[in-house]
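Here is a friendly walk through a predicted model. Please keep the sequence and the 3D view at hand as you read.

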Amino acid sequence: MTEKRALAVEYLKQQRLLGGDSVIIETARRPDGQTAADAPVIEAEPAAAADDLPHAGMTFDPPSADLFATSPLQRTSSLADVAQLIAACRDCKLCEARTNTVPGEGPTNARLVVVGEGPGRTEDETGRPFVGKAGELLTKILAAIELPREQVYICNIVKCRPPENRLPQYDEIAACLPFLYRQIELVNPKVILAMGGTAAQSLLNTKQSLGSLRNLVHRFRGIPLIVTYHPAALLRNPNWKRPTWDDVRIAARLLAA
Ligand code: SF4
């Protein structure tokens, strides 16, 4: 094996460990059928047949509000009511440095809910989720399955920006999740798309890696939930674009079912 080929194999192994798609590395064949060991061909595996849905994954069913709930959040009857409570929230330390809260946006009757990790700088400045380059990529991903962004409810696990874009911490996620639960309850979508490890792990109450959660149909309170990469990760690693496309097509098939 040449040095270049060994490096390529090592790189692809790492990508696989990080949750990237599987690859086949073949020795190239010349037209006469002879092998040329110095010229590796790297091919992606063919995508699954369009009508094959992945296996069932995890189920998470956190308790929902009952009729006699007294907390202000459980008594909200609209996404605007939830946004008002979020704007006033100081339940975790993320409130200290925020410019704006970022509750989420989209119609109450959305069929798809997209959940990311937390607001970044532009989101914090504008109060809107998934804006900037990652947001533009999300808009394109949705357009590719013929779903205008305006028809999707888009939000995050935490509603205030973590300093320096660090990952939200466990206590911050725990403090903020009731807002997301209520938003999902009010929208009652047909499918949830969890983008990134934090979104997937928080919604499924698990520590499993994003790579192991992909390509399965999970359930959140009975709603099918698909896990994929966060658009910001795709900007850093274009190698994950194709698996993301595969995941989004699964969501599209569930929406069409
Ligand atoms: S991140 Fe969530 S729980 Fe923390 S202050 Fe903001 S809205 Fe409240």
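## A network of charges

Let's begin with Lys 93, which is partly exposed, its relative accessible area being 37%. In this predicted model, Lys 93 pairs with Glu 172 through a salt bridge, with an N to O distance of 3.1 Å. The two partners come from distant parts of the chain, 79 residues apart: Glu 172 belongs to helix α5 (residues 170-187), while Lys 93 sits in the loop between α2 (79-88) and β4. Is Glu 172 buried or exposed? With a relative accessibility of 0%, Glu 172 counts as buried, because the cut-off for that class is under 20%.

Glu 172 also has a salt bridge with Arg 166, and here the closest N and O atoms are 2.7 Å apart. Arg 166 itself is partly exposed, at 25% relative accessible area.

## A buried pair, and the wider count

Another salt bridge worth a look is the one between Asp 247 and Arg 214, whose closest N and O atoms lie 2.7 Å apart. Asp 247 is part of helix α9 (residues 241-256) and Arg 214 is in the loop between α7 (210-213) and β7 (217-220), so this salt bridge ties together parts separated by 33 residues in sequence. Both Asp 247 and Arg 214 are buried.

Which residues do salt bridges with shared partners join into one network? They are Lys 93, Arg 166, Asp 171 and Glu 172. Across the whole structure, a search finds ten salt bridges.

## The sheet

Now for the strands. Six of them make up an open sheet with mixed pairing, and their order is β3-β7-β8-β6-β4-β5. The edges are taken by β3 (56-60) and β5 (153-156); each has a single partner strand, so one side of each has no neighbour in the sheet. On average, neighbouring strands of this sheet are turned by 25° against each other, with direction ignored.

Within the sheet, strands β6 (residues 191-195) and β8 (residues 223-228) run parallel and are joined by four bridges. If you would like a spot to zoom in on, try Met 195, whose bridge partner in β8 is Thr 228.

## Helices against sheet and helix

Which strands does helix α4 lie across? Helix α4 (residues 132-144) lies across β4 (112-116), β5 and β6, and it runs at about 150° to β4.

Elsewhere, two helices pack against one another: α2 and α5 meet at an angle of about 170°, and their axes are 10 Å apart. That angle makes α2 roughly antiparallel to α5, because values over 145 degrees fall in that class. On the α2 side, the contact is made by Leu 79, Val 82, Leu 85 and Ile 86, and on the α5 side by Phe 179, Arg 182, Gln 183, Leu 186 and Val 187. By type, the residues of this contact comprise seven nonpolar, one polar and one charged. Helix α5 is also where Glu 172 of the salt-bridge network is found.

## A last stop at α9

Helix α9, which holds Asp 247, is also the place of Lys 241. Lys 241 counts as partly exposed, at 44% relative accessibility. Where does Tyr 229 stand relative to Lys 241? Lys 241 and Tyr 229 are twelve residues apart along the chain, and their C-alpha atoms are separated by 8.5 Å.

Terms used. Residues are numbered from 1 along each chain as its sequence is written. This is a predicted model: local features need pLDDT of at least 70, side-chain atom pairs count only at pLDDT 80 or more; totals for chains, interfaces and linings use all residues. Side-chain values use heavy atoms; hydrogens and water are left out. Two strands pair if DSSP finds at least two bridges between them. Axes are lines fitted to C-alpha atoms, for helices over the stretch in contact, and angles run from 0 to 180 degrees between N-to-C directions. Contact means heavy atoms within 4.5 Å. A salt bridge is a side-chain nitrogen of Lys or Arg within 4 Å of a carboxyl oxygen of Asp or Glu. Buried means under 20% relative accessible area, exposed over 50%, partly exposed in between (1.4 Å probe, protein chains only). Angles under 35 degrees count as roughly parallel, over 145 as roughly antiparallel, 65 to 115 as roughly perpendicular and the rest as oblique. Ala, Val, Leu, Ile, Met, Phe, Trp, Tyr, Cys and Pro count as nonpolar, Asp, Glu, Lys and Arg as charged, and the others, Gly among them, as polar.
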